[in-house]
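Hello,

Here is the structure I promised to pass on to you. Have a look at it first, and then read on for my notes on the helices.

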Amino acid sequence: IGEPIEMLLTVDDNPTDRGTWQQASAKLNWYRTSADSTWRRADRRVLLATDPATQLSAGERIAIVGRVRPLADSTNSYVRLMQARGYVGRTSIYASTPLVRVGDAGSITRLSRRLQGWAVERLRASRLSDDELALCTAIATGKRTAMSAQLRECYTLSGSAHLLAVSGLHVAIVLVVANILLRWLTLFRRGNQLLNVAVVMVVWGYAAMTGLAISAVRAALMFSALQFAMASGSSYRSANILATVAMAMLAVRPSLIVDVSFQLSVVAVAAIIYWAVPLCASLRTRNPILNLLTSTVVIGVVCTLATAPLVAHWFGRVTVVGVVLNPLVVVLGYLLVTLSVATIFVPSSWGWVARVAGWVAEAENRSVAVAAQLDWAHFTLSLDWWVVVIIYAIAIAITELVRRNPRK
């Protein structure tokens, strides 16, 4: 940090215009110092600042000579979040910076970035307003660069920021819709096998359209395993599927263990399996619509409470209004994901799909804006990691003690 080094970088996304300069995220793969010619593996990320004349694109690999500057004071919540995501600092590319274009990243990454860019352009052509377009783009493709700072802050303060990151909620909706739309495949010979393979391909196609984000890959792996488990007709345990997927991802990339997005997604899904599913089963009635509404409320409340200790640890804040708002946000999220993805793939003449998506997006944005302005919406609370561990241990211990009580 701070020393002149030679770096091999992979650009994560297309640079965002910041006025007189541009900013992008890049993965620092390899580096070497002037004193030691040995290349060393880094597996870290940097924020890349460039002048507008330097044209970079997502998936491009470059070699530069420069310095990596520290982000800032590590007590800042934003800096702590960036460090948890693997960022070690910032580096700049000036007109005088030695730069060699090595080529593109792997074909899968390149194809994923192109697919994501195509989806973003399709949504831009739908003529939505700025905030509506920003939300639809974020929720369907995982691209959040179009969101204004004010809109992001509203989602953060209202406890609804999870909706902006493509994760299990989004992939689950795609899985359900794909199973419904492709049900006709069962009319053919070996139709069930065709259906399962086609659904898994759709799920991974959607994950690719989001740029293969970590949360989307984790959800795609888990729901692929779930699809084949249901197809086999055998009994399965969701906790085993989650544990296997998490273990496989950590085996490939161990640094994910300190990634806040990975932690939040795994804890949220684990909470659904451990707490929400039994609660939904105990509250089940003969009315399917009532069961759907009850499940939505229970899952929203459980996820908000289960991730609150981690949110307090990383962001120094606990959102109270999220417990009340999450059911509404999730219900609108169901509609918005479906409509936004449909807007990408339907013909341009079906303009009514984009208009309905815009109405839902506007309702979502207004809801979180009103919730974020409430005085009691959130409060400041910072927890050490050992306090977070104790909270989860106590919650699990109480749950196990309650479950030991035999039912007549």
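What is the handedness of the crossing of helix 5 and helix 11? Please keep in mind that this is a predicted model.

The crossing in question is right-handed. Helix 5 covers residues 168–181 and helix 11 covers residues 321–345; their axes come within 10 Å and cross at roughly 60°. Angles from 35 to 65 degrees fall outside the parallel and perpendicular classes, and helix 5 and helix 11 are therefore oblique to each other. On the helix 5 side, the contact involves Leu169, His170, Ile173 and Val177. Their partners in helix 11 are Val330, Gly333, Tyr334, Val337 and Thr338. As you know, an α-helix has 3.6 residues a turn, so residues three or four places apart point the same way.

A second right-handed crossing is that of helix 7 and helix 9. The axes of helix 7 (residues 214–232) and helix 9 (residues 260–282) come within 9 Å, and the angle is roughly 35°. Ile214, Arg218 and Met222 of helix 7 make this contact with Phe262, Ser265, Val269 and Ile273 of helix 9.

Next, helix 10, where there is a little more to tell. This helix runs over residues 288–315, which is 28 residues. From first C-alpha to last, helix 10 reaches 38 Å, close to the 40 Å expected at 1.5 Å a residue. Even so, helix 10 has a kink of about 45° at Ala308, shortly before the proline Pro309. At the start of the helix, a side-chain oxygen of Asn287 comes to within 3.1 Å of the backbone nitrogen of Ile289. Just after the helix, Gly316 has a positive phi of about 65°.

Helix 10 also packs with helix 13 (residues 385–403), at an angle of about 175° and with the axes 9 Å apart. An angle over 145 degrees counts as roughly antiparallel, and this is therefore how helix 10 and helix 13 lie to each other. The proline after the kink, Pro309, takes part in this contact, as do Ala306, Thr307, Leu310 and His313. They meet Trp385, Val388, Ile391 and Tyr392 in helix 13.

Best wishes

Note on methods. Residues numbered from 1 in each chain as written. Predicted model: local features only at pLDDT ≥ 70, side-chain atom pairs only at ≥ 80, totals over all residues. Heavy atoms only, no water. Helix = DSSP H or I, 4+ residues; strand = E, 2+ residues; numbered from the N terminus. Expected span 1.5 Å × (residues − 1). Bend = angle between axes of the 7 residues up to and from the residue. Polar contact = N/O pair within 3.5 Å; in protein donor to acceptor, adjacent residues only side chain to side chain. Axes fitted to C-alpha atoms, helices over the stretch in contact; angles between N-to-C directions. Parallel < 35°, antiparallel > 145°, perpendicular 65-115°, else oblique. Left-handed = near helix turned anticlockwise from the far one by under 90°. Contact = heavy atoms within 4.5 Å.
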